[in-house]
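Visitor: I would like to go through this structure with you and ask, for each label you use, what justifies it.
Guide: Gladly; let us have it in view before we begin.

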Amino acid sequence: MVDQSIFFQTPAWVLAVLVIVTLTIAIEIGFHLGKRAAERRAREEGDASIGIGAIQGAVFGLFGLLLALTFSFVMGRVDARRQLAVAETNAIATAYLRFDVLPEASRTALRSQLREYVDQRVALARSKNDPEIVESATRRVSELQASMWSIAAAHVREAPEAGAYVFVLDGLNDAFAQKTAFDAAMFGHLPPSVLAFLVLTATVAAIVAGYALGLAGRRHQAATACFVVLTTLVAYVILDLDRPQRGLFRAPVRAMLQLQASIRAEQP
């Protein structure tokens, strides 16, 4: 379940530093190319800056569009995770309440297992993408799902005419389905190829910007620094939002923590 690729395992701040270095080098390369072009055209009594504005506008327009689309996509994923976290919490809480219709022994066993189930779901959300924690929590959740389903299904087989028991199975089924949906949103990430293409476009934009500065024959340190820093910050936020188990923008677990505290308070 955990993405083991080097790109995903590399901390976001390391990638951000690489972006800064790449953009800085790209601007310098563009500056020297532009300066040479200006010197060559000066000897030929031509204007090397003709047409560069249109090219620069097109490149930066494309880069801005890609950046906006990528940022919009990851923000949509953040909102989806928030909604799915609430939906899963509500489904678990509903299943917990529906256990009331079962006999005492089964009700006690199921509620005990569901408490542990919630504990494991919280542990998974807070795993910081540690492979051992993710594997352990995932395995235990699967075991608890099988056990709870077996207990509830046994009552349906023994008393098929009792619709209340089917009601319990429906609650468990909904909780398990919401778990699958939330995990898909939690462990789904932007393809590395998309981010690589975004960095490539930013690099080309930096070269074009540097080229324009070289044609002008002077550097604009403040403007250059703003471009590099702002681009890196946006890239860092995109990377961080795409990694909800670590970093600044963690997966939403508040609703699950409230449920955990609530059902733990009812524990005899």
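Guide: We can start just past helix 7, where Gly-217 takes a positive phi of about 80 degrees; please keep in mind throughout that this is a predicted model.

Visitor: How do you know that the span of helix 7 is close to what is expected at 1.5 Å a residue?
Guide: Helix 7 covers residues 192-216, which is 25 residues, and the expected span is 1.5 Å times one less than the number of residues. That expectation comes to 36 Å, and the distance from the first C-alpha of helix 7 to its last is likewise 36 Å.

Visitor: Why is the contact between Asp-79 and Arg-82 called a salt bridge?
Guide: The closest N and O atoms of Asp-79 and Arg-82 are 3.3 Å apart, and the cut-off asks for a side-chain nitrogen of Lys or Arg within 4 Å of a carboxyl oxygen of Asp or Glu, so the pair qualifies. As for their placement, Asp-79 and Arg-82 are three residues apart in helix 3 (residues 52-98), which means a separation of about one helical turn.

Visitor: What makes Asp-79 partly exposed rather than buried?
Guide: Buried means under 20% relative accessible area and exposed means over 50%; Asp-79, at 35%, falls in between and therefore counts as partly exposed. Arg-82, with 43%, is partly exposed by the same reasoning.

Visitor: How do you know that Arg-111 and Asp-100 form a salt bridge, and which parts does the pair tie together?
Guide: Their N to O distance is 2.5 Å, which is within the 4 Å limit. Arg-111 lies in helix 4 (residues 104-125), whereas Asp-100 sits in the loop between helix 3 and helix 4, so the pair ties together parts that are 11 residues apart in sequence. Arg-111 has a relative accessible area of 14% and is therefore buried, while Asp-100, at 46%, counts as partly exposed.

Visitor: What makes Arg-107 buried, and how is its partner Glu-104 classed?
Guide: Arg-107 has 18% relative accessibility, which is under the 20% cut-off, so Arg-107 counts as buried; Glu-104, at 48%, counts as partly exposed. The side chains of Arg-107 and Glu-104 meet in a salt bridge at 2.2 Å, N to O, and both residues lie in helix 4, three residues apart, about one turn of the helix.

Visitor: How many salt bridges does a search of the whole structure find, and which residues are linked in a network?
Guide: The search finds 10 salt bridges, and Glu-88, Arg-121, Lys-179 and Asp-183 are linked in a network of them.

Definitions and conventions:
Residues are numbered from 1 along each chain as its sequence is written. This is a predicted model: local features need pLDDT of at least 70, side-chain atom pairs count only at pLDDT 80 or more; totals for chains, interfaces and linings use all residues. Side-chain values use heavy atoms; hydrogens and water are left out. Helices (H or I, at least four residues) and strands (E, at least two) are DSSP runs, numbered from the N terminus. Buried means under 20% relative accessible area, exposed over 50%, partly exposed in between (1.4 Å probe, protein chains only).
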